[in-house]
Amino acid sequence: MAQHVHAQSSAATLDNPVLGAGQDYETITEAVAQIPLSKRYSFGWVVGLLIGLAGLSALQLAIGYLLLKGIYIWGNNIPVGWAFDIINFVWWIGIGHAGTLISAILLLFKQQWRMSISRFAEAMTIFAVACAALFPLLHTGRPWLAAYWLFPYPNTMGLWPQFRSPLIWDVFAVSTYATVSVVFWIVGLIPDLATMRDRATSNVKRMVFGTLALGWRGSARHWHRYEVASLILAGLSTPLVLSVHSVVSFDFAVSVIPGWHATIFPPYFVAGAIYSGFGMVLTLAIPIRSAYRLEHLITMRHIDNMAKVMLATGLIVAYGYGMEAFFGWYSANPYERFMLWNRMTGPYGWAYWLLIFINAVLIHVLWFKSVRQNLKLIFVLSLIVNLAMWLERFVIIVTSLHRDFVPSSWDMYSPTRWDFMMFFGTIGLFVTLFFLFMRFVPMISMFEVRTLLPEAKVHVPHGHGGHGAGH
Amino acid sequence: MQVNTDKTGLYGLMAEFDSAQGIVDASIKAVAAGYSKMEAYTPIPIEELNDIIHKKRTILPKLVLFMAFSGMATGFTLQYWASTIAYPMNVGGRPLATWPSFVIPSYELTILFSALTAAIGMIALNGLPQPYHPVFNVERFSLASSDKFFLVIEAEDAHFAKEQTGTFLQGLGAKGVYDVAE
């Protein structure tokens, strides 16, 4: 990350800067560090946490009853054997992808605007993956018995997983993704935890932050290894995040179900993931920056850039819909053509056209700067985008399954109250974790934002500093 | 000739600077003056400081590359062994060693092993977790993680002499020079 110091374009010279005016090392540090160190708990935060905890209780109830009764309490039944459990899994995993895109891919592209949003976007990733993982795990019915066919470990039955199955690939991809995201996030936190340790006034906080900071001193040697490790982690997370949603799409694309068996799935799923993920980052960033008065760190430039990424990925997704329809027609396969016709005009046609309207038509409002600069509009749009991306997974999964090859097995799918309870329960889990994160962890990477300041840039005369200097 | 008689119980001398450029200039001058056992502490990453003071790059990337290959080999061997030797399963007469389907778990383990090596390797090579270090004895050092820059010349340095080194650090434009107790 030597580019921090050698940035080509100074943040301060742009008309829409990534950092507000009049900032220095101390104002940046104070704005972020005072949130976890404050002794007050704001009313809004307590209410938010209580809402999250209410959802979390619902989740516990839904899981408890599920384990007691079995998965028949859900609405899935043949021919729709996969429903809410996989829709919500794909939805949550997709949301997580924006966090890794911001922290890893934009780091490789030297995008300075990633610095002030990467920490909480990554936290969003970790919490979203935690929510996602619950669904397939619980869909196995008895998760404690699923271990032997999900994970390769020597067991007394002498069984090994079926490595030719995309579901096993998914286990490897998602568990690696969860682990690497957590590791990347913790590594990113270390220097900021040292800042918290040094600024904490209460003994408890100093002890906790001090322990977590591992004795970080910020020495030249520390920083050198740290920057190398960050760059390597970013380089590893980039192919990882692209592989995760590709592998998720293989769960569908490798099967022979019309509507799933399409070669466009991997790129189309990855774009959809980033699209919905940026929707969620905006949903979180807009209230946070005003509630915690962080407008000078998360500026309109960030909102504008995120809206642009949403537009670009939304257009890729819209192209995916077009190609999916074209493949169905051009294949001349009667089952493919029927699936497509049924998806557009069948009993779930309303869901298909609603998602087409949002993702292929409504999204074009983001071409206008006046829309991208209107916080209320962008906030509402980000919620609509997440709804549309949930509908997309519903349409892909349910409409492909509910009209089977044999008309006698056709049926409709409707979720039960337990399906809804579990889905809203995971939202409660997400809200709970995010509110705890906002209050107790520095939610903006202080040391990275400090490097955006003009005074953080140094000049080294030639002939000093060995071979590494100045690149 | 022994001049360093005054360094009992002393880890070194710490100079405080206000700016990133200030500490870079001071480090260059200290290296030019012959000091080698020293370290700079900064609130932001300044990659140049490592090149100026230590002139050595970390072996971390090599470790990561090695573990990347180990991860790939582990993933592939595990799947090959499980699918063809430990638990061969005939699916429609297809071959047992279906290498293309082993690619994805091998790929994921490559990334998993490398990422864990990058993170744990960075922490371990940095000697962390380390609960105690002499620099924390200086009260002003708590600003090293917010907005101040510190250069420490260690007492072990061959050129170290408390008086002269202190004057030298003052001459570099330090805002303050402090004794660092061991």
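**Figure 1. Chain B has a radius of gyration of 26 Å in this predicted model.** A compact globule of 182 residues would come near 16 Å. The C-alpha trace of chain B spans about 85 × 35 × 30 Å along its principal axes. Buried residues account for 46% of the 182 residues in chain B. Take the contacts in chain B with a separation of 6 or more: 80% of them join residues 24 or more positions apart.

**Figure 2. Chain B mixes five helices with four strands.** Read from the N terminus, its elements follow the order β-α-β-α-α-α-β-α-β. Helix α4 of chain B covers residues 99-125. The loop that joins α4 to β3 (149-154) of chain B holds Pro129(B).

**Figure 3. Chain A is built with 16 helices and zero strands.** Its C-alpha trace spans about 75 × 50 × 50 Å along the principal axes. Chain A has a radius of gyration of 24 Å, which agrees with the value near 23 Å for a compact globule of 471 residues. Of those 471 residues, 49% count as buried. Contacts in chain A between residues at least 6 apart in sequence are 82% pairs at least 24 apart.

**Figure 4. Chain B meets chain A through 62 residues of chain B and 60 residues of chain A.** On the chain B side, the elements giving two or more residues are α1 (20-32), β2 (38-41), α2 (47-53), α3 (60-86) and α4 (99-125). Which element of chain B gives the most to this side? It is α4(B), with 16 residues. Sorted by class, the side of chain B that touches chain A has 37 nonpolar, 17 polar and eight charged residues.

**Figure 5. Helices α3 and α4 of chain A pack with their axes within 7 Å.** Helix α3 runs over residues 84-108 and helix α4 over residues 115-139. The two axes cross at roughly 160 degrees. The cut-off for roughly antiparallel is an angle over 145 degrees. Therefore α3(A) and α4(A) are roughly antiparallel to each other. The crossing of α3(A) past α4(A) is left-handed. Their contact has 16 nonpolar, eight polar and two charged residues.

**Figure 6. Helices α8 and α9 of chain A cross at roughly 125 degrees.** Their axes come within 8 Å. Are the two helices roughly parallel or oblique? The angle makes α8(A) oblique to α9(A). Here α8(A) passes α9(A) in a right-handed crossing. From α8(A), the residues in the contact include Leu242(A), His245(A), Val248(A) and Phe252(A). Also on the α8(A) side are Ser246(A), Ser249(A) and Ala253(A). They meet Phe265(A), Pro266(A), Phe269(A), Val270(A) and Ala273(A) in α9(A). By class, this contact has nine nonpolar, three polar and no charged residues.

**Figure 7. Two cis peptide bonds precede prolines, Pro79(A) and Pro129(B).** Most peptide bonds are trans. In chain A, the bond from Ile78(A) to Pro79(A) is cis, with omega near 10 degrees. Where is Pro79(A) found? Pro79(A) lies in the loop between α2 (43-69) and α3 of chain A. In chain B, the bond from Leu128(B) to Pro129(B) is cis, with omega near -5 degrees. Pro129(B) also sits in a loop, between α4 and β3 of chain B.

**Figure 8. Leu214(A) has a positive phi, near 65 degrees.** Most residues other than glycine have a negative phi. Leu214(A) sits in the loop between α7 (203-212) and α8 (220-253) of chain A. It has 17 other C-beta atoms within 10 Å, so Leu214(A) is partly exposed.

**Figure 9. Arg293(A) has a positive phi, near 50 degrees.** This is a residue other than glycine. The loop that carries Arg293(A) runs between α9 (265-291) and α10 (300-330) of chain A. Is Arg293(A) buried or exposed? Arg293(A) counts as exposed because it has 10 C-beta neighbours inside 10 Å, and the cut-off for exposed is 12 or fewer.

Conventions: Residues numbered from 1 in each chain as written. Chains lettered and ligands numbered in written order. Predicted model: local features only at pLDDT ≥ 70, side-chain atom pairs only at ≥ 80, totals over all residues. Axes fitted to C-alpha atoms, helices over the stretch in contact; angles between N-to-C directions. Parallel < 35°, antiparallel > 145°, perpendicular 65-115°, else oblique. Left-handed = near helix turned anticlockwise from the far one by under 90°. Nonpolar A, V, L, I, M, F, W, Y, C, P; charged D, E, K, R; others polar. Rg over C-alpha atoms; globule rule 2.2 N^0.38 Å. Buried ≥ 20, exposed ≤ 12 C-beta atoms within 10 Å, placed from the backbone. Contact = placed C-beta atoms within 7 Å.
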